[in-house]
Amino acid sequence: MRPIRLDCIVGARPNLIKVAPLLAELSREEIACRLIHTGQHYDHQMSGGFFTDLGIPAPDVELGVGSGTHGQQTGKALIALEECFQASRSDLVVVVGDVNSTLAGALAAVKLKIPVAHIEAGYRSFDRRMPEEVNRVLVDHMADVHFAPTADAMSNLIAEGIPPQKTHFVGNLMAETLLRHEKKIRVKAAYGRFELKEKGYALATVHRPENVDDPERLQEIVEGFSRLTIPVLFPVHPRTNAALDRWGFTRDLGANVIRTGPLSYFDMLSLVAGARLTLTDSGGLQEEACLLGSPCLTLRDNTERTVTILAGANRLVPCERGAIIEAAARAIDYFPPHHDWAAPDKWDCQVSQRIVGHLRDWWTRSDSGNSDVSASNKKVYKQPTIEEEVVVS
Ligand code: UD1
């Protein structure tokens with residue numbers, strides 16, 4: 001049996017955090033994997049720095065699709081990925097998370113009849129207004145192998161009719177990355193750089209279109225942050241930065257809010273670990289705050305990370321200034337400064353190992369795993385010639 005060959009697609013910041021331990025495990029196991037970066041995120045702060053910090057090898061292919069509307073971005077990535085898969089065909093395309101590059105990767109692959117594995121399968125917010133929810137549902141219904149981060153994500157997949165034999169509860173790669181670097185994160189004390197004290201400030205981020213593209217909602221959030229009883233450190237995503245400037249909300253942030261640009265992986269997580277409170281609309285930060293013991297207030301109407309709510313580490317808060325101020329005050333009163341929750345099941349350092357084990361099993365069981373590449377391609381693609389059709393009939 002010849003060894004499996006994988007393509008792994010990344011595009012945005014959270015994808016990079018998740019693939020780091022997976023790529024390391026694949027390389028340890030000597031499994032060939034081509035890393036393809038769509039270029040959805042392209043700035044050093046949003047992409048490049050993560051490669052250096054997390055020891056991710058340079059991408060084998062960079063597609064440079066950049067920003068645009070959802071259609072433009074997904075469409076450009078789809079076209080470029082299709083060309084890439086046609087030029088060199090792998091046995092399985094691995095996509096992670098729920099960003100536009102995840103959707104483009106899965107769609108380009110299934111159209112070429114290349115099987116797809118989805119990491120972080122089964123998360124559901126049940127809110128189809130979220131672009132990520134649409135991406136998640138579509139990708140899960142295209143994928144052949146599903147790696148679920150939580151038990152409830154597994155149940156969601158089964159409830160949607162995904163065959164159980166295609167699903168595997170492996171845990172959360174984001175957690176593995178964090179736990180592998182936890183010592184470094186905890187000693188870094190990045191809050192010192194902002195003249196803040198450990199457990200004496202709140203860390204806040206918002207970037208979701210529903211929060212930052214709506215001026216009324218963004219103003220409520222900004223006013224909420226500006227009136228918290230502790231200082232608020234606010235690393236601002238490029239989309240949010242543009243919105244704050246567009247609507248002239250910068251001055252409303254007031255002296256209580258320290259605004260800074262997007263941060264490196266280690267700075268950000270060190271700041272979460274040191275924060276008395278985390279306020280966010282990010283998916284990944286809900287998980288990271290849960291693991292680092294910072295109570296999280298999620299500024300959304302729903303979350304796909306229900307496991308963090310069940311752990312007692314997270315709470316949904318409406319995007320209204322009064323609600324934000326009240327929820328923050330309550331959390332500060334309720335939680336002692338240093339607090340820990342039990343980590344959700346399988347959020348540990350063996351996630352990548354489990355995934356690679358299942359990938360090996362899948363390859364052993366698959367037809368192509370037992371034939372050479374040309375034979376497997378023939379099987380999928382070759383149309384019968386007229387002579388063959390005559391013989392068959
Ligand atoms: C994307 C993901 C979101 C994820 C987030 C993490 C989708 C639908 N959304 O949202 O799920 O939580 O990444 O950050 O895929 N920009 C830059 N530099 C960059 C990248 C983007 O300045 O390197 C700016 C551009 O003006 C761009 C905007 O940020 O238009 C938004 O970027 P985009 O990739 O479209 O979506 P995100 O909001 O980052």
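Which residue in β2 does D7 stand opposite? The partner of D7 is R34 in β2. This is a predicted model. Its ligand occupies the largest pocket, and the protein has an open sheet of 7 strands. The points below take the ligand site, then the sheet.

**Ligand contacts**
- The ligand has 19 residues around it. Q40, H41, Y42, N100 and E132 come nearest.
- Q40 uses its side chain: a polar atom there lies 2.8 Å from a ligand oxygen atom.
- Y42 uses its backbone: an N or O atom of the main chain lies 2.8 Å from an oxygen atom of the ligand.
- H237 also places a polar side-chain atom 2.8 Å from an oxygen atom of the ligand.

**Cover and surroundings**
- On its own, the ligand has 740 Å² of accessible area. The protein covers 85% of that area.
- The space that the ligand takes is the largest pocket.
- Three elements, α1 (13–28), α3 (70–87) and α11 (238–246), each give two or more residues to the shell around the ligand.
- The shell is mixed in class, with 6 nonpolar, 8 polar and 5 charged residues.

**The sheet**
- The strand order is β3-β2-β1-β4-β5-β6-β7. Pairing is parallel.
- The edges are β3 (61–62) and β7 (167–169). Each of these strands pairs on one side only.
- β1 covers residues 5–10, and β2 covers residues 32–37. These two strands pair in the parallel sense over 6 bridges.
- D7 faces R34 of β2 across the strands.

Key
Residues are numbered from 1 along each chain as its sequence is written. This is a predicted model: local features need pLDDT of at least 70, side-chain atom pairs count only at pLDDT 80 or more; totals for chains, interfaces and linings use all residues. Side-chain values use heavy atoms; hydrogens and water are left out. A residue is near a molecule or strand if one of its heavy atoms lies within 4 Å of it. A polar contact is a pair of N or O atoms within 3.5 Å; within protein, one must be able to donate a hydrogen and the other to accept it, and residues adjacent in sequence count only if both atoms are side-chain atoms. Accessible areas come from the Shrake-Rupley method with a 1.4 Å probe; for residues, only the protein chains shown count as cover. On a 1 Å grid over the protein atoms alone, a cavity is a set of points where a 1.4 Å probe fits but cannot get out, and a pocket is an open set with protein on both sides within 12 Å along at least five of seven lines; lining residues have an atom within 4 Å of a point. A molecule sits in a cavity or pocket if more than half of its atoms lie within 2 Å of its grid points. Helices (H or I, at least four residues) and strands (E, at least two) are DSSP runs, numbered from the N terminus. Ala, Val, Leu, Ile, Met, Phe, Trp, Tyr, Cys and Pro count as nonpolar, Asp, Glu, Lys and Arg as charged, and the others, Gly among them, as polar. Two strands pair if DSSP finds at least two bridges between them.
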